[in-house]
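Q: Please take a close look at one part of this structure, the meeting of two helices. Please then add a short account of other interior features.

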Amino acid sequence: MAAAAKAAVPDKDKMSNLSFVLNAPRDVCFAEQPKPALGDAHDVLVAVDYTGICGSDVHYWQHGSIGHFVVRDPMVLGHESAGTVVETGSAVTGLGPGDRVALEPGSGCRRCPDCRAGRYNLCESMVFAATPPHHGTLTGLWVAPADLCYRLPDTVSLREGALVEPLAVAVHIVRQAGIRPGQSVAVMGAGPVGLLCAAVARAHGAATVVSVDIVQAKLDFARRFAATHTYMPRPRTSPPDNAAAIRAHAGLPRGADVVIDASGAEPSIQTSLHLVRMGGVYVQGGMGKADISFPIMALCLKEVTARGSFRYGPGDYELAIQLIASGQVDVKQLISAVVPFSQAEEAFRRVQEGQVIKMLIAGPNNDDNI
């Protein structure tokens, strides 16, 4: 793989740190924030070039909270970002000014048992961008630990770099599932993460990948993007009957080897447990209601291996970048539009309306704003 090209290094003193700030539900503004300084010798300063909008960003914008995470003070939104290194700390050796990087937006404490065991995504002291009370990446300049900034190869654009974060989520889910060549996989939900799960499953050698959703346009895209089969659940039909219909449609009489729920919707979760085969694997990647009615008898009688999946861990970002660079996952197809920073709120509205797959917002110092 060729070494990554360096971008021109802008003068940080001339750069804006304009930020997209959530004050309260549906109350946002643009505010020029103080420019951040390197706080550690291992940190880097990055000019944010592109940021994707995640469902969690939209949820905070609409409701001001997710579970027990409540926006009590103004918070900068965004966490799916790529940018250009502007400055490095004295101890940084692997990156330099001008390097183009994908940003991993969460940093664990590095000291707790989970961090030390390589499960830093489970760290109880995680500092995660745009999760209260921590600011996000819809800003001009961002400071991050150098080891959480991943250099992009020449073949991967900064726009694609902003899709590394959701792709890493899908990589982690597929790794939790342990998908092997030749297996059959059903993915419930054809939003960005569900689509990427389907693509990563194909890259891992899955022979059959069924995408399931209630929106025909999403299914049409899923078929073009990665799925071998698509299915729209029938309304007013029980989960066991929908599961039986999916099995018949995809030619899986025993059920799917792996079922991934990327929707968080209760009917999808219920259908998943009836769809997975005896001794199969079920992975919960989507987040929905805290408590649901769950078909535990199906889980028990089938001896299903059930796993949760949360964000990403060691190696997930690296694999995500490799999948993009090799052409195995074409994330460019997911980009519905790129808008200038000044249109950030309009981009949030379009995502909330559900008529796009992935919106990118150019950073305030990016030439796309000219």
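A: The following account begins with a pair of helices and then turns to a cavity and a single residue. The model is predicted.

Two packed helices are described by the angle between their axes and the distance between the axes. Here the pair consists of helix H1, residues 55–63, and helix H11, residues 344–353. Their axes come within 10 Å and cross at roughly 105 degrees. Because angles of 65 to 115 degrees count as roughly perpendicular, H1 is roughly perpendicular to H11. On the side of H1, the residues that take part are Asp57, Val58, Trp61 and Gln62. On the side of H11, they meet Glu345, Phe348, Arg349, Val351 and Gln352. By class, the residues of this contact comprise four nonpolar, two polar and three charged.

The next topic is enclosed space. One cavity of 30 Å³ or more is found in a search of the whole structure. The largest cavity holds about 40 Å³ of space. Its lining is formed by Glu104, Gly106, Tyr120, Asn121, Met126, Phe128, Arg311 and Tyr312. Four of these lining residues are nonpolar, two are polar and two are charged.

The last topic is one residue, Ala186, which is located in strand E13, residues 184–188. Ala186 counts as buried because its relative accessibility is 1%, and buried means under 20%. Apart from neighbours within four places in sequence, Ala186 is in contact with Val210, Ala256, Val258, Val259, Ile260 and Leu275. Ala201 lies 15 residues from Ala186 along the chain, and the C-alpha atoms of these two residues are separated by 9.6 Å.

Technical notes:
Residues numbered from 1 in each chain as written. Predicted model: local features only at pLDDT ≥ 70, side-chain atom pairs only at ≥ 80, totals over all residues. Heavy atoms only, no water. Axes fitted to C-alpha atoms, helices over the stretch in contact; angles between N-to-C directions. Helix = DSSP H or I, 4+ residues; strand = E, 2+ residues; numbered from the N terminus. Parallel < 35°, antiparallel > 145°, perpendicular 65-115°, else oblique. Contact = heavy atoms within 4.5 Å. Nonpolar A, V, L, I, M, F, W, Y, C, P; charged D, E, K, R; others polar. 1 Å grid on protein atoms, 1.4 Å probe; cavity = no way out; pocket = protein on both sides within 12 Å on 5 of 7 lines; lining within 4 Å. Points joined across faces, edges and corners; volume = space filled by probe spheres on them. Buried < 20%, exposed > 50% of the residue type's maximum accessible area, 1.4 Å probe, protein only.
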